[in-house]
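Grab your viewer and work through these short exercises on fold, rings and empty space. Each task comes with a worked solution.

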Amino acid sequence: MKRNILKHRFTFGIEWVLIPLILGVIAMPQARKNARTSSCVNNLKQLSMAALMYAQDNVDWYPEDKNLTDCLPMLATYIGDNEKVFICPMTQSQTPTYAFLLSNAGLKISQIQRPSSLPVFICDAHAKYQEVVVAFADGHVEVRKLPYPMTSYEEIVKHLLAGNTGESSRVLDAVLGNARRLDRRR
């Protein structure tokens, strides 16, 4: 009799150890994705703050170059030596992965009428999860859900700008033009 009781108790104990272990293994990919998304949000926050500081030091002008790679030296002054800020942790890339939508636009901060709704930096590395990480002209960063997996910057920017009626057509055209230019470079 005693042997049967001990065997049953031992099995019951193993079950309590295995259940949390199995649940932990199932939850790991989602936890890893969330950690990388959080890191991407932090990177874009630093980049948007660097762009705002650059503009304050340069009579309200945003960095104006062909792409983010050309803006690296300009923004690096405000970020420091951490070049990982320019690379999304969702990618395996060693080169900058974020899209700077105001490069080559010739825009001043004062020309933007609704900075809380104008995207400045985007990361489309999360698009396969139907989301995009966006830094706006006022410096805040959001993870936005997409209605379906989008593959082009232009498509993502059009979705982000939908309903943005308060912004001037010049600013909107500059942002969309840069999105199209970025798509051609892919």
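**Exercise 1. Write down the order of helices and strands along the protein chain.**

Solution. Reading along the sequence, you get α-α-β-β-β-β-α-α. That makes four helices and four strands, where helices (H or I, at least four residues) and strands (E, at least two) are DSSP runs numbered from the N terminus. Before going on, note that this is a predicted model, where local features need pLDDT of at least 70, side-chain atom pairs count only at pLDDT 80 or more, and totals for chains, interfaces and linings use all residues. Residues are numbered from 1 along each chain as its sequence is written, and side-chain values use heavy atoms, with hydrogens and water left out.

**Exercise 2. Find the aromatic pairs and classify each one.**

Solution. Start with the rule: rings of Phe, Tyr and Trp (its six-membered ring) pair if their centres lie within 6.5 Å; planes under 30 degrees apart are stacked, over 60 edge-to-face, and the rest tilted. The count comes to two aromatic pairs.

- Step 1: Tyr 54 and Tyr 78 have ring centres 6.3 Å apart and planes at 85°, so call this pair edge-to-face. Tyr 54 sits in helix 1 (residues 2-57) and Tyr 78 in helix 2 (residues 68-79), so the pair ties together parts 24 residues apart in sequence.
- Step 2: check the cover, with buried meaning under 20% relative accessible area, exposed over 50% and partly exposed in between (1.4 Å probe, protein chains only). Tyr 54 is buried at 15%, while Tyr 78 is partly exposed at 23%.
- Step 3: for Phe 100 and Phe 121, the ring centres are 4.7 Å apart and the planes at 25°, so this pair is stacked. Phe 100 belongs to strand 1 (residues 99-100) and Phe 121 to strand 2 (residues 119-123), 21 residues apart.
- Step 4: Phe 100 is buried at 1% relative accessibility, and Phe 121 is buried at 0%.

**Exercise 3. Work out what lines the largest cavity.**

Solution. On a 1 Å grid over the protein atoms alone, a cavity is a set of points where a 1.4 Å probe fits but cannot get out, and lining residues have an atom within 4 Å of a point.

- Step 1: the structure holds one cavity of 30 Å³ or more.
- Step 2: its lining is Ser 48, Ala 51, Leu 52, Tyr 62, Val 120, Phe 121, Phe 136, Ala 137 and Gly 139.
- Step 3: helix 1 and strand 2 are the elements giving two or more residues, and helix 1 gives the most, with three.

Notes
On a 1 Å grid over the protein atoms alone, a cavity is a set of points where a 1.4 Å probe fits but cannot get out, and a pocket is an open set with protein on both sides within 12 Å along at least five of seven lines; lining residues have an atom within 4 Å of a point. Grid points are joined across faces, edges and corners, and a volume is the space filled by probe spheres set on the points.
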